[in-house]
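Good morning, and thank you for coming. I shall present one sheet and the helices that lie against it.

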Amino acid sequence: MRGPVGLPFVWGPAMSRISVFQRSWSLTGALILLLSAIATAAQFSPAEIAERSRWEDFLRNANIVGAVQLGEEEAVTTPWKLTLQKDGVVRHGLWKNVSGSPRGIVDSWLYEIAAYNLDKLLGLGMVPPTVQKRFRGMAGSCQLWIEDSAVLKKRLQEGLSSKVLDKPQWLRLAYIQQLFDNLIGNEDRHQGNVLITPDERSFLIDHSRTFRTTKEFKEILPFSGEKFPGVAVMRELPRALVEKVKALDERSIREAVGKTLSGKEIGAILARKELILKEIDRLIAEHGEAAVLY
């Protein structure tokens, strides 16, 4: 199946014996993660998700021992790949401080942090840990670099078969991604901001062009049958996720995102929430609840 804007929605169960957060596990731990991953089809494993607070602290407080700026061919916002070191641990982080409308499009590093915190609030585990960090005297977002990964576009060029994109479990997670992008008003999901790991897990990055507040983004969802006729959108969703979306209100969102979003931006999220729930109701009416919610 192909998704809107030419994006093949790629998802994969988190069944690697090698964590993207840590490089080794005991045999017993690996087996436990394998069984958990099969049950949940999560991208980050339960053990990795349990480590998020540690990696958030690492990103905030690690010393910067190296920095390389990425070119526009790699990322249009020309962020920096930082080498971070703390307590003998060395990892990389992607730092950006884009703001305003440098290319005529609203772009903000604060949205990177807000997207991560909303991912946490909904319990998705799709967005790598992201925090605020100062670099060269400037504030910006710093996201944990997923080692050994490549963007979807490159993986397809290298020979990743498009047939694997049609696996049922990957399609289900694609529908979750559609819901998330609809909620955050993401107009910039494409093959260059979906990461694929060697074990064919996928992660969502680059959320600086999200949380739109214009009339268009409060009346029509970015991923919708209205915008992309004939394309399956949010066709199957976890019942628990839908319930979490229903429970979203101004207070819960504000507690999750803090000062990274304005009241106007939170209001636009809530407007899109209602559009999402309306679309889910339509799908249920057309296909039956059992065929839409699981």
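Let us begin with one residue pair: the bridge partner of Lys 133 is Gly 140, in strand E5. Helices (H or I, at least four residues) and strands (E, at least two) are DSSP runs, numbered from the N terminus. E4 is joined to strand E5, residues 138-144, by 6 bridges, and the two run antiparallel. Two strands count as paired if DSSP finds at least two bridges between them.

A word on the source: this is a predicted model, in which local features need pLDDT of at least 70, side-chain atom pairs count only at pLDDT 80 or more, and totals for chains, interfaces and linings use all residues. Residues are numbered from 1 along each chain as its sequence is written, and side-chain values use heavy atoms, leaving out hydrogens and water.

The open sheet has 5 strands in the order E1-E2-E3-E5-E4, with antiparallel pairing. Strand E1 (63-69) and strand E4 (130-135) stand at the edges with a single partner strand each, so one side of each has no neighbour in the sheet.

Which residues of H3 are buried, that is, under 20% relative accessible area (exposed is over 50%, partly exposed in between; 1.4 Å probe, protein chains only)? They are Arg 52, Trp 55, Glu 56, Phe 58 and Leu 59. Seen down the axis of H3, they fall within an arc of 160°, taken from the directions from the helix axis to the C-beta atoms, so they line one face of the helix. These buried residues pack against helix H2 (46-50), E2, E3, H4, E4 and E5, where contact means heavy atoms within 4.5 Å.
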